Amino acid sequence: MISVQGLRKRFGAVQAVAGVDLKVDRGEILLLLGQNGAGKSTTLRCLGGILRPDSGEIRFDDLRVPDDIDSIRRSLGVVPDQARLYGRNTAFEYLDHFGRVYGLPEIARRRRIRELLERFELEDAAGRVLYTYSRGMAQKVALIRATLHEPRWLFCDEPTVGLDPVAAADMRRYLEEQRDRGAAVIVTTHQLAEAELLADRIAIMRGGHVVAAGSLPELRRWAGAERRFTARLPGGRTVSYTAGWQVADEELARRAAELQGRLAAEGTPYLELREEAQGLEAVYLKAMDEPEAPASEPSAPALIPGIRPRRMFASLAGQSRRLREFLPFYVASWWRRGDLSWVIYLNAFVLLLVAVVALFGSIPAVVGAFAGRAAGSGVSVAGLLLPLFFMSFALLESIKSSIGIWWEKAQQSLEVLLYTPLDDPSLVWLEVLPGVAVSSVYVTAWMAAGMGLMALFGRPAPWDLLPVFALVAAATAYWAAMGRMLGFMLFPREGAAGGAWSFLLSPISAAVADIPLALFVFRSPLAPASLALPFAACLVLTVITGATFDRERLLESGAGRERPRRRWLPTAALRRHAAALALGLVLAAVPAGTGAVLAAGTHAHSWAAVTAVAHGSQPSDPAAPGSRSFQLEVPSSTVTVASSLLAGVVATFGLMLVLLAVTFAAFFLLGLPELLLLPVLAGLWGVQVSFGPTAPLQDWLGLGAGLALLALTVNTAAGIPLYTALAFGAGSRVDRLRTAWTDYFALYRGLVIPACAGFGVVVAALLLFTR
């Protein structure tokens, strides 16, 4: 039995479900009838635990949502409003995959798949890839998937939309078979004929609440419609009359006998008397005329429990089985997509470069000269960094769109997966572990091939570095995948693109993974200790991702949500964070002023003089007052103009990316690096300004660095709410973080980018007009 009481769900200003009460017994089909947008699909998603109700009670027999949701999902089958299949797999592969997810034994699973494919006359098409299936065939596969494990509760969202009459009739027969074996079935539709043919009971929804519910005769009585009877007379004539639903059967029999007596007296007794079937139209129209329920006051959003670190890491023990289930399936889909082929071709090309280096003993041209100075006798070892970088990042770009949650979101099949008996930690690890496993094996194999070529050509191969390369590949893949999951939580309205923010973490990824690699390559004694860096960074990112995890945010597709109009100058964010902006300015202005005053007191005009004063010596400035360190010159070459403008554009985008990287890096350390960096740089800039216009490079270090410092000041001020939201504040941490990140990007767009553009203009102008 399914019992729902007082279910409410709001999305912003929209009350999607407004106090729904439902009850479905075992062996019964309840049909939710209503217009598009009435709240039918939202109700099912709340029942399935992938949306958080604002209030209400949901029970499946003795189990409650959300307390027992994992147990409920093991006996729940769901057919969403669209089939949402994996187009590059065959029907048998697809169904076998989900049979594993539901834990069906192999022999029973395959027997059940064959029986159901035969039941729906799909056995001859079982070996075809699913994107070649028609709409009706795909819907049949979706229904097979939902009932493979013979669920106790079955939800079908618009199961017959777009199907031909034969396929729709077959779908209804199968749902009746599920009812007859004892399942409680809920079906949504907006088609009246569907409701009449299928439903044991009907609930009509309007404006997020149930306006009428009951069996078809009960609803007809509620609507006040009359029963209509027709008597067929000799000669083809008919006589009709009506009776109210409240008239008892004995009274109806008396009236029929009275009519027969009167007609017999006239010599024309009726040959047949039957009741005309009354459709749902009158009932439905009356329900649509019912007044909508009054809007309720928005309730406080439910706290997002997230995943506690202990549960997150404890679940790793059971992920090996999941990895064995999902990894071959994902890799097969990945291979069929064709993404892996270009990665292999790229790796083969890079491996050829390694062979050339090993054969000739050096890297040609300028790269070889630099490597020789950097690595000395280890030129060949340094050369192996190139294929590592190519393989790791090219592979990750392919993995993210072909494996895990990103792939499920991109092809809009994630909702199906969210209804399966995968707990929350397993969903996170599903995004992370397949990519880590593939990256580790893939990079290790290619690194071993490269080292084998070096050994083949008589060059010393650093085999002891092979585990380090594998570790760097695993850490990079782990960081990227976990960053995507955090992006899905913080930017849910961006859909699959929300995970793209993880590319901004690449500088941190390079720091935490590639620094240890470099230390091992150059045989530094600090190399073993440096391995703590990637482990600690990945640990922190995992804890943050777990704390913000929410299936509802994961479900967001990025479509169909009203988005506010963006303004370049974020006045609302400016008002909310005026105190943070003021604090950022103080953090820059006070050290800058202090540095300028202290340097001016020493009468120094250069950094050499400041150093001398610091060591107790008399300052001696190389730049005499009155001289200038630069002169104005009008450019005479179009090449000079073009290159200067290009340098300005590069400087603008370079500073923008640096500031983003600084913010993301500081975010994981509560902002301390950025909050400490700003006063230090501001103090140094204040000292530089105190040297006066005659100081060496004052145009660059005074004006150019001043605009860069302004951009850093505004960026730091915009990031302060991020750091405070992470550690302090009321309500859900993930809601605070989402709001803080939204405001940060608004301030970044409205204030930081113009400051960076000003820096780029200054760079271009200095290159154009000064010599």
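Trainee: What is notable about the phi of glycine 692, just after H29?
Mentor: In this predicted model, glycine 692 takes a positive phi of about 90 degrees. Glutamate 121, just after H4, likewise takes a positive phi, here of about 60 degrees.

Trainee: What makes the span of H29 agree with that expected of a helix?
Mentor: The expected span is 1.5 Å times one less than the number of residues. For the 19 residues of H29 this gives 27 Å, and the end C-alpha atoms lie 28 Å apart, which agrees.

Trainee: Which residues of H29 are called buried, and what is the criterion?
Mentor: A residue is called buried when its relative accessible area is under 20%. In H29 (residues 672-690), the residues that meet this criterion are Glu674, Leu678, Ala682, Gly683, Gly686, Val687, Gln688 and Ser690.

Trainee: What makes Trp607, Leu677, Val680, Leu681 and Leu684 a nonpolar patch?
Mentor: Such a patch requires nonpolar side chains joined within 5 Å, on residues with over 30% relative accessible area and no salt bridge. Trp607, Leu677, Val680, Leu681 and Leu684 form a patch of this kind on the surface, with about 410 Å² of accessible area together. Four residues, the largest share, come from helix H29; valine 680 is found in that helix.

Trainee: Why do the buried residues of H4 count as lining one face of the helix?
Mentor: The residues concerned are Arg109, Arg112, Ile113, Leu116 and Leu117. Seen down the axis of H4, the buried residues fall within an arc of 130 degrees, so they line one face. An α-helix has 3.6 residues a turn, and therefore positions three or four places apart point the same way. On the other side of H4, Ile107 and Glu118 are exposed.

Trainee: Against which helices do the buried residues of H4 pack?
Mentor: They pack against helix H3 (91-101), helix H5 (135-147) and helix H6 (165-180).

Trainee: What supports the length of H4 (residues 106-119)?
Mentor: At 1.5 Å a residue, its 14 residues should span 20 Å. The end C-alpha atoms are 20 Å apart, which agrees.

Trainee: Why is the pairing of glutamate 258 and arginine 254 called a salt bridge?
Mentor: The term requires a side-chain nitrogen of Lys or Arg within 4 Å of a carboxyl oxygen of Asp or Glu. The N to O distance for glutamate 258 and arginine 254 is 3.2 Å, so the pair satisfies the cut-off of 4 Å. The two are four residues apart in helix H9 (residues 249-265), which separates them by about one helical turn. Glutamate 258, at 40% relative accessibility, counts as partly exposed, and arginine 254, at 45%, is also partly exposed.

Trainee: What is the burial state of glutamate 325 and of arginine 321?
Mentor: Glutamate 325 has a relative accessible area of 10% and is therefore buried, whereas arginine 321, at 39%, counts as partly exposed. Their side chains meet in a salt bridge of 2.6 Å, N to O. Both lie in helix H12 (residues 319-337), four residues apart, about one turn of the helix.

Trainee: What makes arginine 484 and glutamate 431 a pair that links distant parts of the chain?
Mentor: Arginine 484 forms a salt bridge with glutamate 431, the closest N and O atoms being 2.7 Å apart. Arginine 484 lies in helix H20 (residues 466-490) and glutamate 431 in helix H19 (residues 424-456), 53 residues apart. Arginine 484, at 4% relative accessibility, counts as buried; glutamate 431, with a relative accessible area of 1%, is buried as well.

Trainee: How many salt bridges does the structure hold, and which residues are linked in a network?
Mentor: The structure holds 32 salt bridges. Lys9, Arg52, Asp550, Glu552 and Arg553 are linked in a network of them.

Trainee: Why is alanine 537 assigned its burial class?
Mentor: Its relative accessible area is 15%; the limit is under 20%, so alanine 537 is buried. Alanine 537 is found in helix H23 (residues 532-548). Alanine 537 and alanine 475 are 62 residues apart in sequence and 9.4 Å apart in space, C-alpha to C-alpha.

Trainee: What describes the protein overall?
Mentor: Its secondary structure comes to 31 helices and 13 strands, and buried residues make up 50% of the 771 residues. Among contacts between residues at least 6 apart in sequence, 76% join residues at least 24 apart. The accessible surface comes to about 35100 Å², of which 62% belongs to carbon and sulfur atoms.

Terms used
Residues numbered from 1 in each chain as written. Predicted model: local features only at pLDDT ≥ 70, side-chain atom pairs only at ≥ 80, totals over all residues. Heavy atoms only, no water. Buried < 20%, exposed > 50% of the residue type's maximum accessible area, 1.4 Å probe, protein only. Arc of directions from axis to C-beta. Contact = heavy atoms within 4.5 Å. Patch = residues over 30% accessible without salt bridge, like charges linked within 9 Å, V, L, I, M, F, W, Y side chains within 5 Å. Areas by Shrake-Rupley, 256 points an atom, 1.4 Å probe, with all protein chains shown as cover.
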